[in-house]
Each structure stands twice: as structure tokens, then as C-alpha cells.
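Okay, thanks for coming, everyone. I'll put the model up and then walk through the cysteines and the chain contacts.

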Protein chains: 4
Amino acid sequence: MDFSITRIARTVLRVTDLQASRKFYVDGLGLIETESDENHIYLRGLEEHSHHSLLLKKGDKPVVEVLSYKVDKDADLEEIEKLFKSKGLKTKWMAKGQQHAIGRTLRAHDISGIPLEFFAEMPTVDRMLQRYDLYRGAKIQRIDHVNCAVPDVQKAYDFYVNQLGFRCSEYTDTEEGELWAAWLYRKPTVHDQAFMSGPGPRLHHFAFSLTDRLSLLDCCDVLASLGYADSIERGPGRHGLSNAFFLYLRDPDGHRVELYTGDYLTIDTDIKPIRWDLNNPLRQTFWGHVAPDCWFNEASTFVDIETDEEIDYKEPLLEQRKPYIMT
Amino acid sequence: MDFSITRIARTVLRVTDLQASRKFYVDGLGLIETESDENHIYLRGLEEHSHHSLLLKKGDKPVVEVLSYKVDKDADLEEIEKLFKSKGLKTKWMAKGQQHAIGRTLRAHDISGIPLEFFAEMPTVDRMLQRYDLYRGAKIQRIDHVNCAVPDVQKAYDFYVNQLGFRCSEYTDTEEGELWAAWLYRKPTVHDQAFMSGPGPRLHHFAFSLTDRLSLLDCCDVLASLGYADSIERGPGRHGLSNAFFLYLRDPDGHRVELYTGDYLTIDTDIKPIRWDLNNPLRQTFWGHVAPDCWFNEASTFVDIETDEEIDYKEPLLEQRKPYIMT
Amino acid sequence: MDFSITRIARTVLRVTDLQASRKFYVDGLGLIETESDENHIYLRGLEEHSHHSLLLKKGDKPVVEVLSYKVDKDADLEEIEKLFKSKGLKTKWMAKGQQHAIGRTLRAHDISGIPLEFFAEMPTVDRMLQRYDLYRGAKIQRIDHVNCAVPDVQKAYDFYVNQLGFRCSEYTDTEEGELWAAWLYRKPTVHDQAFMSGPGPRLHHFAFSLTDRLSLLDCCDVLASLGYADSIERGPGRHGLSNAFFLYLRDPDGHRVELYTGDYLTIDTDIKPIRWDLNNPLRQTFWGHVAPDCWFNEASTFVDIETDEEIDYKEPLLEQRKPYIMT
Amino acid sequence: MDFSITRIARTVLRVTDLQASRKFYVDGLGLIETESDENHIYLRGLEEHSHHSLLLKKGDKPVVEVLSYKVDKDADLEEIEKLFKSKGLKTKWMAKGQQHAIGRTLRAHDISGIPLEFFAEMPTVDRMLQRYDLYRGAKIQRIDHVNCAVPDVQKAYDFYVNQLGFRCSEYTDTEEGELWAAWLYRKPTVHDQAFMSGPGPRLHHFAFSLTDRLSLLDCCDVLASLGYADSIERGPGRHGLSNAFFLYLRDPDGHRVELYTGDYLTIDTDIKPIRWDLNNPLRQTFWGHVAPDCWFNEASTFVDIETDEEIDYKEPLLEQRKPYIMT
């Protein structure tokens, strides 16, 4: 590869009520509001020195505009454009200045149709790590990963691993040995990008990393105090896969957010991916809890980078929609 | 009253496989094994200076033999006998020496038919609080309370409050204002004894107090590592009522154990009981989670203090079996 | 005894700058401000249903006005008065209405000269336990105890145990078997009132109870963020005696506050006091840390209940001022 | 650079009593014993998939044999050899098989005289992350970093940054702007290798990463229970620099170990190093605690890779031995 993707860097969401989103993400979850205007809120975690890792835009519908990856240097963008064009995938440049608080970006649809964005430059700000007086809610540290439902996980896997240089930490097979889900990374954690089999392309969830388990429990308590008990969709629990302690929330527009802590570093290049059987009851939740159906069925729609139309999603190739677990 | 009940002090359970129970309670939950023989295991929490707070007896069936209350002084036992006899309730003395590691006891059936036991004396042992090298699993500190399903909660409430000197910290009413559940105490915490409306008398669960929330999460992880993921029935979560962070487990015989931490002290005599509406979704779980049906339907059977026969249970007076919560 | 003391209930401090104290106690430590006016701030912990447990009064000098005990019923006050008068100790009534947010009180100097106050009635307010959105700093739950330096610990012990009905949970002897410190309780925890040998009577510290160890660490971080690193005098650490995890702070006027969590319940009446040798290095700090000299030498002065003059303190009877520990 | 160093990978210590060390590191700190024989113990953290990250060898004196870095691929070793030889630094090959449980290694003295070792290959083993039943003590996750005292920090900095490809996350200057300490990394955390000004070369400490703050507190309790209270040299506390929550221990031979948790990721290449003034009281301990003199003065001696003689250490160039902090 002639380019180097650094890490997942931001999610750009459309939300229908900025004030409701602010209350949820700032008061409830504890994100820091770097900046905002009438139509945008720029949010980051306490550890982040980048301007933002979540951009909320006022919109008519709750859709996902783009998932953004930081690259090592600006020249990487041309190389990435070449790759996407060579595969016949749509691309689009946005000059520096066209978007606030980010350098020039290359937007493109990936092999599954997911709208991605690549950039090398974002304004830096102070880490708020030692402003403990501002710690609230889940005390979110940083963006951790995104997880997309796609109809053909094997195809997505091949594109990200062989073309984009991702490595695989863990994966899930059906009993027939077909790839049902995969956890892929550029930064040395369990993942930047996960794929699971399902009607897609859709954003299943994006995730923030926390310092510890108690921050996650504190967030449940704060959300309930603020009237957001209904936002808690699944967890808290321990994933078998990744070992992370997790909580899934639905934001006021229904976008799914995961709070996540306790996975492991994947620094060495000689790490072997861990295989899980889809029907292993400890895979999803190490403590044996079963995820609710809505967790499997509901996800956020993407929009096209050119037309801004919602992207239709296709049915998955694999038949099995969720684990078969005796309860 | 001419007697003073101090606190709930022990649960006596019959279990079908002592070795399986030991693995669950000692390796999984972290109870200290004070003593044991071929047919008994005597267990206590890290904070407890009493010989045991859980007695497991080998039996053919998984039943509950008795719930034991400590009283202030030995002479209290005669006064309690008088009271029970005056109500026409069965009583039975067990002389000192008849049971191992406990002084003389008075057994009796309460107004709902629950087999109780009263005693003033139990051998004392060292607190293990500062043997941190022995902390395991949930690092259980002490017995906290017992919760029984009874067909007529109002009748149980009246007996415990008016005759036995318990006070009420919190309670649950139906929309018609009928008492559906009550939390009653002698020691200054939220409860020693709770009652909930249901087929009974049955032991719904007995509970241990933990130091903090992480001990409870640690226990989930340890249980899953030991192959006990199936034992986790409900939680972890936060109760609205009592404010405690909780986990419900089923032991190898199906007896339900609660791990419990984070309620409050009830020292002052001018505290007013807190009322909850049965259908308030924050009551059971402050985070909005709904308890599974098995949690409402399943419980442990008691045996008669004289005949040792299993006690038949009656249907509850109130119609509503569980909260109506929109999900 | 013909009266029943319930528990330590409040500390009344004079501070020289109310605004500075508010920042420290509310923003830093997380106390709830129930009410305030130009010259008073009434503070309570999240668990407390009493109006306040700390009263800060604007004053010229940072002194301690009184330590207040709640009693079971109003008539207990006359009985307590009788006792104090029989010992030739000064007493003083304050009618209901004379002090804000507290019923009628009996003030008196104890056998060591400490100004005490007894009352049966204080307005009740809602517990804030489930207002997790308001949790800040140390998330203080409730007042736990007060600790006074007195010149003759044995005399203080005898008065509190034999005359006032306190029980002893743990104590410290010199190698010669003289009582150097004692932990005494009415509410069933390790203490309401501790005494240590030293120039006195002085208030060594008052203490708040926290839910868990992380709340205490969080408080260190918040205090440092707010510029109060200098306020951290000793700890965090684990006491051998009481087993509590602790932190000692100095408020803006130099009054010493302890944050405290993790002791044990003392409900049973057959508990035997635990003896510690003064020179046992695990006694003060189970992890072996040595307390700084200022911790032994500095304390807050009391004022006389009648004259409002600062009370002179006397040198201790016992020679040993602090443990001999090899470092 | 024509090679890529991956991360700090192991410390090789000589200890005088293997059984005493096992008790400290396994029972006290919670390391997993991968393997051992009469003269060696191979230890790793719960997260580590490499065979070991700490090798204890029985020796006559408590010295440090070597600090080992993992490189990306075996061919990197020749490139590193070239570099060290070009600087006139001693090197030495150890063929695969010559050392147990590690591939062929290149040993070399760095610019300060520190004995380093480079290797590409170590046997992999299962991560023990989900064997929660084996979690003990500090529940150590992985090796984090090493910190060496050297007489000329600027020289060490230049060698590691310019020749070996390390990046700097944070550093400490004297008031005159001279480099007093530096935190350097290859893996994207705050450091793999730190240098501080002092008589050297000596190993000041090596550090393990923990999951959370409570694991560190638990370790203090467990160590005290096991009789190791004297091993706790400094902390627990919060570093200003790195933001990590820390504890410094002395093992039975006096080697210093740090337990460390809560720093941040350094993935982006556009991160700017953070400067701290040596005399900033929040630098070492964000809570204002002052480190004891022994922490500045004592450290472990290295041995020569060829002669196995202890390496003499030189006095530091900079005059200031420790921060000037008013206490």
C-alpha cells in the first residue's frame, strides 16, 4: 500500500433536534462541546486532542452522512482516491475550508456502499484529561470504533484487509464456516471498523472508549436521573468477543451508541485472529445474556455522498440473522 | 414489645450436591468456609464475626429449612414463643447442642407459614476483612436480607410491624392502593425482610451485601469463567426501590441469591416510608430494564418445622402478578 | 440510661470566607447545599434526609462551635441535662426557633470540655441518592463521625461509655496498656465519636462517609483540578483500625475533614472491641504509610457554649505523642 | 530508518531468592507464571499473548541483565546491529535456542551504556483475559514501560529519537530549559522508555499496565495482607505527567516496579510533546504529594552484556537532583 490509514476519527450524524442531542451527549454521556453553531455541534472525548470526533448536524431525518478516517499525511489521499477509482467506486473531494474544523477530505463509497471520508488534518485542541472538574456521565475518553451491517461480510473484509491495510483481531463464523462478522483495526486496539451480516449498508453503531467499568455504570445512573432510562437498549455486560465491558444506547434520534471499555492492545504484528462460533452463547455476552431483537434489526441509514439520498439496503447473503441460543 | 430482634442472621438451605454448591458459593461468590463436614457447609461473608450466615445441608430436594433471626438476649426467646403461641402459630424448641454452631433456638411458623428461627447465641470468629489475599468473586461482606413471596402481603406486614417490631422503609402499592410489596427492617438498613405478592409462602431470594459495584461485576466475570453464565438470571442493574445495585443468581439447585450493594442507612426513627407505584418502570430497575418472567414465577419451597414436609403454597389475594410496563 | 442518643448528626464550624468554603465543600467534595443565607451555608450528603449535617457560619476565626448529636425523642433532652448537671458540667438550652432548621437543643460541655449539642428534631428533606446528575467530587453520602483530641482518653471513654451509652468497637493502647485512643459508637458503625490522646479538647477532624473507594480518588482529581492539591494532607490509604479507606483534607480555614469508606457494621451487641498496639505500623495505615507530623499536631479549637471564647487546651497525660514507627 | 522497533517487551532481572520473588510477583501482584525451572521464572500479564514479559533469573546479586525490545521482523536485527556498530557501541548475538522461549536476539549497549536486547520472535500463548477466576492482586495486564536514570538525558533522547525512531510524548525541563526527563514511545501510549537525570545508567523502574485504579488499590490491600506493606514505596497517586494513576513498589530484592493505569493513546503522528517544568508541583503527583528521597536516589544496577560485570554509574550533568517543591 502507498498510503497509511491512521484510525477511525469521526462520525457525522444528522439529528432532528440539536438541543435534545446536546442534552443526551453532553449532560448524559459527558462529551466535551468544542464548538457549536445554529446547525452543528462539535463534540470530543476527554482524552482527544483533535477538534471533534462526533459532528452532529441539524437535519430533517436521522441519517448518517459519513464515517471519517484520519490518514498519516495529506498525500495519502490521492493514493486512496486511485484505489477507489480503480475499483469503480464513487469519490468526491471537499477542499479545505469547505467543511469547518477539518482539512481537505476525500469522500468515497466503499465496496459495500458505506460513505467514507479520509483526511490528514484536523485542528488540535487541549486534552481535557486533567480537567476532572468537568468529568460528567460516562466520562468518555475517545472515539473507539464503528460497526456496520453489510449484506456480504466476506466482501467487506477482503476490501478492508487486502486493499485498505486493515488487520483482523477477531471474527465470527457460522457453523458452515462462512464469515458472519469481523473486527478490523488500523490503530492497535481490537477494532476501528467492525462488520456484521445484516441488511445494509447501515451503521449499526459507533462507539466511545471509557476509562473503566464504573464510568459506564455511572452513565446508566445519570441517564436514568435525566429521564433517559428508555435510551438503554442492551447491557451493561461483558462481551466475549473483544472482552470489552459494554452498554448500547439509542440517542434521541435512534442512532445507536456503544460505551466500551476493557479490550486489549493489538500492537504486535504476529497476533493471530481469534475465531468465535456464531452460536457460542459467550460470544456476544460473556455472562450469557441474549441481545434483544431490536439490537439485530435496527440500524441507521447512510446517505449518498453525491445525491444525499438515503441509501437503500440489501438483504444479507447469509441466512442466519442472529445466533441460535437456547434460553 | 418485651423482646428485641436484632437482624436476619442466617438462611438454612437444603442442596442436593454439596460439592457443586461449594464451588458456586466459595469459588464463584467468594464466601468464606468456616467449617464443614460430610453433610454441612457453614459459610460467612468477609465482614462477619458470626460463625456462619448460610448453612447448606445435604438433602434430597432443594428446599429451605428455615430463616434465622438473631435476638438481643436469650430471654427474648420465651417472649417470642408467647407471642407466636398467642396467635396459634406452631413453635418448636431446639436445645443448645442440638444444632452445631448455634445456641438454643426457637423455631416457629410465622403468620404466612414461613418457618422462622430465633436465637441469641452463635460462636464468634475473626472478621476476615483484612485478609485481602483471600478475597474472591463477589467478595461478599455479610448477609443482608431475605425476600419471601406470600399470598397476603398486608397480613405479613401487620404481623412483622405490629407484633415483631419491624419498621418499613419502602413499599409498593397497586393503583388501587393495595399493598403489593414491603421492605421491613430491624437492623438500620433498608431491610432484613421483604415481602412480595405471589404464590407462597416461598423464599423468593436471600441476599448478601457487597462493598461496591465492581465486586458485583467481578463476580459476573468469575462466574462466567467458571462456567456459571447460566446462573445469572437478572442484572446487573440498579433498583429504583432501595437504590441498590443488584444481581440475581440461581445457585446449582435453583435457589435464588441476590448480590446487593448501595442502599442507605435507616438509623433515625423519624424516617418516613417511601411509596412506589407497582407500575412505575423505575421501581424495579432504575435503568428501565424489565425483569424476566422466571424472576416473578419461580421461588424456593419451605418445609414444615415439625413434619419436614414441603409447605403447599396458596395463590395471592391480589390479582396483579407483576408490573404492567410498556416495553 | 433514661435517654437514647441516636447518632452524630452535625458539625457547626466557623469559617472566615463562606464563598471559599462553598467552592471547597460543594464543588470539590460534592455536598448538597440545602439552603444558605449571607452568613450560613447548610450542607448535607446525597443520602441524608435531614436538613443538614454540616453548618458553616461566617466568623472571624476558624473555630468549632459545637458537635451535635440527634437523640431518639425530645424528652431525652431533659434526662441528658440531668446527667450533665449531676457531673457539674455547663449546659444551655436553645429554644426551637432560636437556631434555623433545628428543633430545641441542649448544649453542654462534656467531661473533656468539648461543646456538644443534643436535639431530637430537624426538618427532613428528600434524599438525593437518585439525582445522579448532581453527583460531584467525592459524592459524599452522609456524616460518619467526629474525632477529638483530648488530654485524658480514659476519662473521655468512661464518660461516653458509662454515662452516655456508647459502645467501643476498637481501641489503641500504649505498650504499658494505657488507653491512647478509642472508637465509640451509638449508630451501628465503627464510630460516631473517636478520641485520641493529644493537646485538647480540640476537634481533630470530622468525617463523611462515601459509597466507594473510587469516589475518594475522584475527589483527589477534582480537588487538584480546582487548585486544591494543597488541601490533601494525608492519604489516600487504608486504615488498619476500622479497615476504612481514607483521605484527610484541610478545608480553606484549616479544619480537617476525613473522607471515609469501607468500615463495617456493629449491629450485634456481643461484638468484642478490637485492641491495637499504638506502635503497630499497620494500625494507622494498613499499607504502612506514616502520617505526617502536622496530622498529629494540628487541630481545630472549640469555643465555650456560654462565653464564645476559644477553649484553652491542656497537654495530654500520656507522654507518647505518636506511634514509634521505624521508617 | 530501515528497521522498526515494535515495543518494550521484557525485563530480565536477577533475583537472589526465586521463591520470595514468586510470592511477590504471582501472589501479590497477580502475574501469570507461564513456565519456570530451578533457576528461572517466566511471567506475563493477563492480556499478554507473548510467552513472558518478565524473566526472573536466580543470581547472586540483584542486578538487571537486559531490557528487551521486540522488533517488527527478524531482518530488522541486522539493521539495528549496523546502527549500534556505526556508533561504536558493543553488540552481541545470541542464537535461537541459546535463551529459552525467545528467538535469536541482538544484545547491545545503548548510548548511555544501558544493556538492550532486540528480538523479533517469542512463542505465543493464550491471553488469560477471560480467565477471571485466576485474577489476583493487581490483575496486571501487560508490560508498559521502563524508566532509566542516565547522566545525560539529552544525549539519550537524541539517540532514541533520531537513531531508533522513538517519539516524545512529554518531557521535563529545568528552569534553564535543559532537558531533565523525557517520555519516549514506539507503541502508541505515553512511553516505552523514559529517561530521568540521575547517576546512571541504572534501571529506575519497570512498569506494568493495569485495567483500572481499583486493581491498584486492591494490590495495596493484598500486599499488606501478605506482609508486604514495606514494599509500598510511593503512592497510590495520580501523575501530572502522563495522567496515569500509579504505585511504586520495591520487590524483595529492591528492584522498583510501577503499577500504572490511565494514560492515553498516542496514535496520531501530529501530536505535540507536552512540556512540564521540573519544579511544577503537579508534575510528579497531580495531587501535590512529594516523592520520598529514596525514590530519587535508589535504582537497580545493570550488568555488561559481555563481561557480566556491574556497570559503574556516572554522576548526572545537570545539577538539580529533584524538584524544588515547597512543602
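Let's start with a cysteine. The closest cysteine sulfur to that of C:Cys148 belongs to C:Cys168, and it sits 15 Å away, too far for a bond. Is C:Cys148 buried or exposed? It counts as buried, at 0% relative accessibility, where buried means under 20% relative accessible area, exposed means over 50%, and partly exposed is in between, with a 1.4 Å probe and protein chains only.

Before I go on, the housekeeping. This is a predicted model, so local features need pLDDT of at least 70 and side-chain atom pairs count only at pLDDT 80 or more, while totals for chains, interfaces and linings use all residues. Residues are numbered from 1 along each chain as its sequence is written, chains are lettered from A and ligands numbered from 1 in the order in which they are written, and side-chain values use heavy atoms, with hydrogens and water left out.

Back to sulfur. Over in chain A, A:Cys294 has A:Cys220 as its closest cysteine by sulfur, at 15 Å, and again that is too far for a bond. A:Cys294 is partly exposed, with 26% relative accessibility. So how many disulfides turn up over all chains? Zero, in a search of the whole structure, taking a disulfide as a pair of cysteine sulfur atoms within 2.5 Å.

Now the contacts, beginning with chain A and chain D. Each chain's share is 35 residues: 35 from chain A and 35 from chain D, with contact meaning heavy atoms within 4.5 Å. The pair buries about 2900 Å², and carbon and sulfur atoms give 50% of that; buried area is the accessible area, by a 1.4 Å probe, that two parts lose on being put together, summed over both. Which residues of chain A lose the most area to chain D? Those are A:Gln130, A:Leu265 and A:Asp268, together 19% of what that side buries.

There's a fair bit of polar chemistry to go through here. The rule finds six salt bridges across the interface of chain A and chain D, a salt bridge being a side-chain nitrogen of Lys or Arg within 4 Å of a carboxyl oxygen of Asp or Glu. One to click on is D:Arg213 with A:Asp212, at 3.6 Å from N to O. Across that interface there are also 20 residue pairs in polar contact, both residues at pLDDT 80 or more. For that term we need a pair of N or O atoms within 3.5 Å; within protein, one must be able to donate a hydrogen and the other to accept it, and residues adjacent in sequence count only if both atoms are side-chain atoms.

How do those two chains relate? Turn chain A by 180°, with a shift of 0.0 Å along the axis, and it lays on chain D with an RMSD of 0.0 Å, superposed by least squares on the C-alpha atoms of residues with pLDDT of at least 70 in both. In chain A, the C-alpha nearest the axis is that of A:Asp212, 3.1 Å from it. And 100% of chain A's interface residues are interface residues in chain D too, so the copies meet through the same surface.

Last, chain B and chain C. A 180° rotation with 0.0 Å of shift along its axis superposes chain B on chain C, RMSD 0.0 Å, and the two copies are thus related as by a two-fold rotation axis. Here the contact takes 35 residues from chain B and 35 from chain C. B:Gln130, B:Leu265 and B:Asp268 supply 19% of the area chain B buries against chain C, more than any other three residues. The rule finds six salt bridges across this interface, including B:Arg213 with C:Asp212, whose closest N and O atoms are 3.6 Å apart.
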